[in-house]
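User: I would like to learn how to read the features of a protein model one at a time. Please take me through this one.

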Amino acid sequence: MALTDELIHDWNRAAGPELRLLGRPMLDDETLRDGLQSPSVLDPPIETKLRILHLMEGLGIDAVDLGLPGAGPRAQADVLRLAQEIAHCRLRIRPNCAARTTEADIRPIADIVQATGVEIEAATFLGSSPIRQYAEDWTLDFLLRTTERAVKHARSLGLPVMYVTEDTTRARPEVIKKLYTTAIECGARAIVVCDTVGHVTPAGVRALLHFVHEEVVKPAGEPIRLDWHGHSDRGLAVANSLAAFEAGAQQVHGTALGIGERVGNTPLDQLLVNLRLMGAIDRNLGKLKEYCSVVSEAVGVPIPPNYPVVGEDAFRTATGVHAAAVIKAFRKNDVELANQVYSGVPSHWFGIDQKIEIGPMSGKSNVVFWLEKRQFRPTDELVERILSRAKQADRVLSDTEIFAICGEKV
Ligand SMILES: [Zn+2]
């Protein structure tokens, strides 16, 4: 047992396992589709998309939405190139493509399968809530006929189908049941329950997925994969996704940094961190920061400094009390201890170091530690000089500023 297990009383496990899973939790990366629907992003060049694809593979992400080839020639060319890369490099990641429930959207997916020999799931989506039906003047009969036509068409082209109902978290139970049952009868083997508008809470996720499991999946009589697709409008996407896994979802969708429509999708990076901390997955996440940084740069959306784990400030402190505890732990030569004494997330699991800095809230130990780390002798006089400068500052001192104080003649 690690030393920290004796030193941390884990209330998360007081009532049993932190996450009760029915199987291995799988993830579908929507960065290159839903992520690129964010109004703030740039659509990156294909070379960058290929790099992102390899980073997804490296993080053990199970599936990827390559895009919506029905959107136009550029989207189609990018999806084709990504599928070729999967074939060429024999990647394990399973590709899928979004498609509206129209022949014009489904056909290009079949063409790409034909050209590459890579199996691609067609994720055909359709609105399902009464509010959407009312706004669009859709009758249930129209939705059922559209579902039947689209799923049958995709199956006739040899495509596996994951059938997606938009706005499921605000749809009536009888409509949900009819739509999914029809899709399954027509050959869909995966269904995706969506919180398209970011409406649901964890209690709603549990109720909805139990309903779908009991009323649709079980009676189907054959294996049907159940997916969850959530959005962050209420800031609950990660909690909802964890609730979805517990309520029987086998695969959860998300994007790097949660970029996507409006305020975005479930942040896959944060989901990976939580699944790892909860012991639900055991894989090397040392490239998590690179994955997030590459996506951030590629789409032109900066990572906020206070973003969990991969934000600049996630493992950085200048506060005297915090730093003193961390430094004492470092002095015991125990990285695990040092990285957990003031953080719920051990930075070394993600290949990141803690940073001790010097600012107006710092104490003597920050300065001594900073100097020793850079091979300076922490004489009382030097420590005092740096500390008094820090106390007059209105922010944390930069390394350059501290080096300059070290080099000053007295
Ligand atoms: Zn979405």
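Analyst: What follows goes from the whole chain to the metal site, the pockets, a helix and a few loop residues. Keep in mind that this is a predicted model.

User: Start with the whole chain. How many helices and strands does the chain have, and what share of the residues is buried?

Analyst: The chain has 16 helices and 10 strands. It holds 410 residues, and 53% of them are buried. Along the principal axes, the C-alpha trace spans about 85 × 50 × 40 Å.

User: Which share of the contacts joins residues 24 or more positions apart?

Analyst: Counting contacts with a separation of 6 or more, 74% are between residues 24 or more positions apart.

User: Now the metal. Which residues coordinate the zinc ion?

Analyst: For a metal site, read the donor atoms and their distances, then the spacing of the donors in sequence. Here the zinc ion is coordinated by OD of Asp34 and by NE2 of both His229 and His231, at 2.1 to 2.2 Å. The spacing of these donor residues in sequence is D-x194-H-x1-H. Asp34 sits in the loop between β1 (26-29) and α2 (46-58), while His229 belongs to strand β7 (residues 225-230), so the pair ties together parts that are 195 residues apart in sequence.

User: Are Asp34 and His229 buried or exposed?

Analyst: The cut-off for buried is under 20% relative accessible area. Asp34 has 3% relative accessibility and therefore counts as buried. His229, at 6%, also counts as buried.

User: Next, the pockets. What is the volume of the largest pocket, and which residues are closest to its centre?

Analyst: For a pocket, read the volume, then the lining, then the elements that supply the lining. The largest pocket contains about 560 Å³ of space. Its lining has 19 residues, and Ile8, Asp10, Arg13, Leu277 and Gln340 are the closest to the centre. Two elements, α1 (3-7) and α10 (268-277), give two or more residues to this lining. The largest share, 3 residues, is from α10. By class, the lining consists of 6 nonpolar, 7 polar and 6 charged residues.

User: And what lines the second largest pocket?

Analyst: The second largest pocket has a volume of about 290 Å³. Its lining comprises 20 residues, with Arg33, Asp34, Phe125, Glu166 and His229 nearest the centre. The elements that give two or more residues here are β3 (94-100), β4 (121-127), β5 (161-166) and β6 (190-195). Of these, β5 supplies the largest share, 3 residues. The lining divides into 7 nonpolar, 6 polar and 7 charged residues. Asp34 and His229 thus appear in two readings: near the centre of this pocket and as donors to the zinc ion.

User: How do I read a helix? Which residues of α16 are buried?

Analyst: Find the buried residues, see where they point around the axis, and then see what covers them. In α16 (residues 399-407), the buried residues are Ile402, Ile405 and Cys406. They lie on the same side of α16 because they cover an arc of only 100 degrees around its axis. The face turned away from that side carries Thr400 and Gly407, which are exposed. Among the elements that cover the buried residues are α14 (364-373) and α15 (380-392).

User: Last, the backbone. Which residues other than glycine have a positive phi?

Analyst: Most residues other than glycine have a negative phi. Arg262 is one with a positive value, about 50 degrees. Its place is in the loop between β8 (251-254) and α10, and at 40% relative accessibility Arg262 counts as partly exposed. Asn333 is another, with phi near 60 degrees. Asn333 lies in the loop between α12 (320-331) and α13 (335-338), and at 73% relative accessibility this residue counts as exposed.

User: What is Pro360 in contact with, beyond its neighbours within four places in sequence?

Analyst: Pro360 lies in the loop between β10 (355-356) and α14, and is partly exposed, with a relative accessible area of 28%. Beyond those neighbours, Pro360 is in contact with Ala390, Lys391, Ala393, Asp394, Arg395 and Val396. From Pro360 to Thr124 the C-alpha to C-alpha separation is 56 Å, and the two are 236 residues apart in sequence.

Notes. Residues are numbered from 1 along each chain as its sequence is written. This is a predicted model: local features need pLDDT of at least 70, side-chain atom pairs count only at pLDDT 80 or more; totals for chains, interfaces and linings use all residues. Side-chain values use heavy atoms; hydrogens and water are left out. Buried means under 20% relative accessible area, exposed over 50%, partly exposed in between (1.4 Å probe, protein chains only). Helices (H or I, at least four residues) and strands (E, at least two) are DSSP runs, numbered from the N terminus. The arc is that of the directions from the helix axis to the C-beta atoms. Contact means heavy atoms within 4.5 Å. On a 1 Å grid over the protein atoms alone, a cavity is a set of points where a 1.4 Å probe fits but cannot get out, and a pocket is an open set with protein on both sides within 12 Å along at least five of seven lines; lining residues have an atom within 4 Å of a point. Grid points are joined across faces, edges and corners, and a volume is the space filled by probe spheres set on the points. Ala, Val, Leu, Ile, Met, Phe, Trp, Tyr, Cys and Pro count as nonpolar, Asp, Glu, Lys and Arg as charged, and the others, Gly among them, as polar. Donors are N, O and S atoms within 2.8 Å of the metal (3.2 Å for Na, K and Ca); water is not among the atoms, so sites may look incomplete.
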